[in-house]
Amino acid sequence: MGRRDELIATYAEDLRSKCGMQPDMDLLTKVTIGCGPAIYDADASTVAAGQEHELETVKDNFLVKKLGLSDGPQLMDAIRQVIETYGVSERNKYRAVVYYMLTKHFGKESVYG
């Protein structure tokens, strides 16, 4: 099992235990691959949910650019909802898990073909 596979298993466990959802492993794998080398960097692999500029980055770079959504207040509402589902007090919110939940929330699985 390679490092990426280990991380995907960690992300799947977070989705099950912390978010209460059964992950679609194929989609989770594609979202993780889409994150690129960021998953291997301790800082970049997580979302600092308490920092407004970090949430803006998720909105601009992922929701608008990657998923092709139109900017609006509904995007930040969805990010906050995902953060709440993950657990506001949860220290490590993995970027791939947040992106996976946002992809599911907006029904944009087709982006990962």
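Here is a short conversation about salt bridges and one helix in this predicted model.

User: What should I keep in mind about the model?

Analyst: It is predicted, so local features need pLDDT of at least 70 and side-chain atom pairs count only at pLDDT 80 or more, while totals for chains, interfaces and linings use all residues. Residues are numbered from 1 along each chain as its sequence is written, and side-chain values use heavy atoms, with hydrogens and water left out.

User: Why is the pair Glu52 and Arg80 called a salt bridge?

Analyst: A salt bridge is a side-chain nitrogen of Lys or Arg within 4 Å of a carboxyl oxygen of Asp or Glu. For Glu52 and Arg80 the N to O distance is 2.9 Å, so the pair fits that definition. Glu52 sits in helix H3 (residues 52-66) and Arg80 in helix H4 (residues 73-86), 28 residues apart. Helices here are DSSP runs (H or I, at least four residues), numbered from the N terminus.

User: What makes Glu52 partly exposed?

Analyst: Buried means under 20% relative accessible area, exposed means over 50%, and partly exposed lies in between (1.4 Å probe, protein chains only). Glu52 has 42% relative accessibility, so it counts as partly exposed. Arg80, at 39%, is partly exposed too.

User: Is Lys59 buried or exposed?

Analyst: Lys59 has 9% relative accessibility, so it counts as buried. Lys59 also forms a salt bridge with Asp71, the closest N and O atoms being 3.1 Å apart. Asp71 lies in the loop between H3 and H4 and Lys59 in helix H3, so this pair ties together parts that are 12 residues apart in sequence.

User: Which residues are linked with Lys59 in a network of salt bridges?

Analyst: The network links Lys59 with Glu56, Asp60 and Asp71. In the whole structure, a search finds 10 salt bridges.

User: Why are the buried residues of H2 said to be on the same side?

Analyst: In helix H2 (residues 25-34), the buried residues are Leu27, Leu28, Val31 and Thr32. They cover an arc of only 135° around the axis, which puts them on the same side of H2. That arc is taken from the directions from the helix axis to the C-beta atoms. A general point helps here: an α-helix has 3.6 residues a turn, so residues three or four places apart point the same way.

User: What covers the buried residues of H2?

Analyst: The cover includes helix H1 (3-17) and helix H5 (95-105).

Definitions and conventions: Helix = DSSP H or I, 4+ residues; strand = E, 2+ residues; numbered from the N terminus. Contact = heavy atoms within 4.5 Å.
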